[in-house]
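Take a walk through this model, one site at a time. Keep the coordinates open as you read.

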Amino acid sequence: MRIILFGPPGVGKGTQAKLLAEEFAIPHISTGDLLRAAVKNKTPLGMKAQEYMSQGNLVPDEIMIGLIEEVLSSKKASKGFILDGFPRTVAQAKALDALFERMGIALDRVISLRVEHDEVIRRLAARRMCRQCGRIYNLHQLDDETTKCQDCGGELYQREDDKPETSRHRLEVYLKETKPLKDFYRRSGRFTQIDGMKDIPVVHKTLLDLLLKNGLPKE
Ligand code: ADP
Ligand code: ZN
């Protein structure tokens, strides 16, 4: 199964992608997570990406396209994948189509999660992330004493780009650069939009029903 989860920052793509990845036993490929790991490890990619990310801007297409080609050609992605955070521009989407064609594979679905803009800003402000494993938490789920990840004990922190000023800018970048992709994928008949305002388990169930109804094998 090869799907793209699409939508504005904070819509819950990462949360839903992780649940689906477990269910279907395929990798969750998040370009945001890959970039954050590169920044943390101070790799050449991380050094190039850091400045763009902390300001809420997109990392240039040529860097991202190179990265995604490397990841999708790797063995771990050979049985399928859930892409989260890529493509984010029309140039990236075109490059992805070209890559799929070269690899002789096809995309099953692009699923867009829809959420109201005010809710996006609220969710980003309340988002906390584990510095070690990347697990995502929401302030409302945590009591005041909890400062460590329940999975790995890592420190929970607020991403620099989740602070309100930067997240507002990211939403603008999304509207300008990424939202036009909806039409790109709509034209290809691979596009479905679902309501991302519902609770996490409800959204998960909607996604599952949609994917299974599509006759996609649970593998
Ligand atoms: P969110 O989950 O909030 O949408 P991500 O964690 O996916 O955010 O991405 C964080 C940052 O990483 C983005 O603001 C951007 O700077 C960079 N980034 C991630 N994916 C891409 C991409 N496909 N193209 C350009 N920049 C990207
Ligand atoms: Zn953790």
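Over which ring does the charged end of Arg 131 sit? The ring belongs to Tyr 157. The charged end of Arg 131 lies 4.2 Å from the centre of that ring. Bear in mind that this is a predicted model.

Next, the metal site. The zinc ion (ligand 2) has four cysteine sulfurs as its protein donors: SG of Cys 130, Cys 133, Cys 149 and Cys 152. They lie 2.3 to 2.4 Å from the ion. Along the chain, these donors follow the spacing C-x2-C-x15-C-x2-C. What is the geometry of the site? The angles among the four donor atoms run from 94 to 116°. Four donors count as tetrahedral if all angles lie between 85 and 135 degrees, so the site of the zinc ion (ligand 2) is tetrahedral. Two of the donors can be set side by side for exposure. Cys 149 is buried, with a relative accessible area of 5%. Cys 152 is partly exposed, at 33%. The cut-off explains the labels: buried means under 20%, and partly exposed covers the range from there up to 50%.

Now turn to strand S1, residues 2-6. How enclosed is S1? Five of its five residues are buried, so the rest of the structure largely encloses the strand. Its side chains point two ways. Arg 2, Ile 4 and Phe 6 point one way, while Ile 3 and Leu 5 point the other. All of them are buried.

S1 has strand partners to follow. It pairs with strand S3 (residues 81-84) in the parallel sense, over four bridges. It is also joined to strand S4 (residues 109-114) by four bridges, and these two strands run parallel as well. Ile 4 shows both contacts. In S3, Ile 4 stands opposite Leu 83. In S4, its bridge partner is Val 110.

The end of S1 leads to the aromatic pairs. The structure holds three of them. One is formed by Phe 6 and Tyr 174, with ring centres 6.2 Å apart and planes at 50°. Why is this pair called tilted? Planes under 30 degrees apart count as stacked and those over 60 as edge-to-face, so an angle of 50° makes the pair tilted. The pair links distant parts of the chain. Phe 6 is in S1, Tyr 174 is in helix H7 (residues 164-178), and 168 residues separate them. Both partners are buried: Phe 6 has a relative accessible area of 3%, and Tyr 174 has one of 6%.

Methods. Residues numbered from 1 in each chain as written. Chains lettered and ligands numbered in written order. Predicted model: local features only at pLDDT ≥ 70, side-chain atom pairs only at ≥ 80, totals over all residues. Heavy atoms only, no water. Phe/Tyr/Trp six-rings, centres within 6.5 Å; stacked < 30°, edge-to-face > 60°. Buried < 20%, exposed > 50% of the residue type's maximum accessible area, 1.4 Å probe, protein only. Lys NZ or Arg CZ within 6 Å of the ring centre and 35° of its normal. Donors = N, O, S within 2.8 Å, 3.2 Å for Na, K, Ca; no water. Tetrahedral: all angles 85-135°; square planar, octahedral: opposite > 155°, others 65-115°. Pairing = 2+ DSSP bridges.
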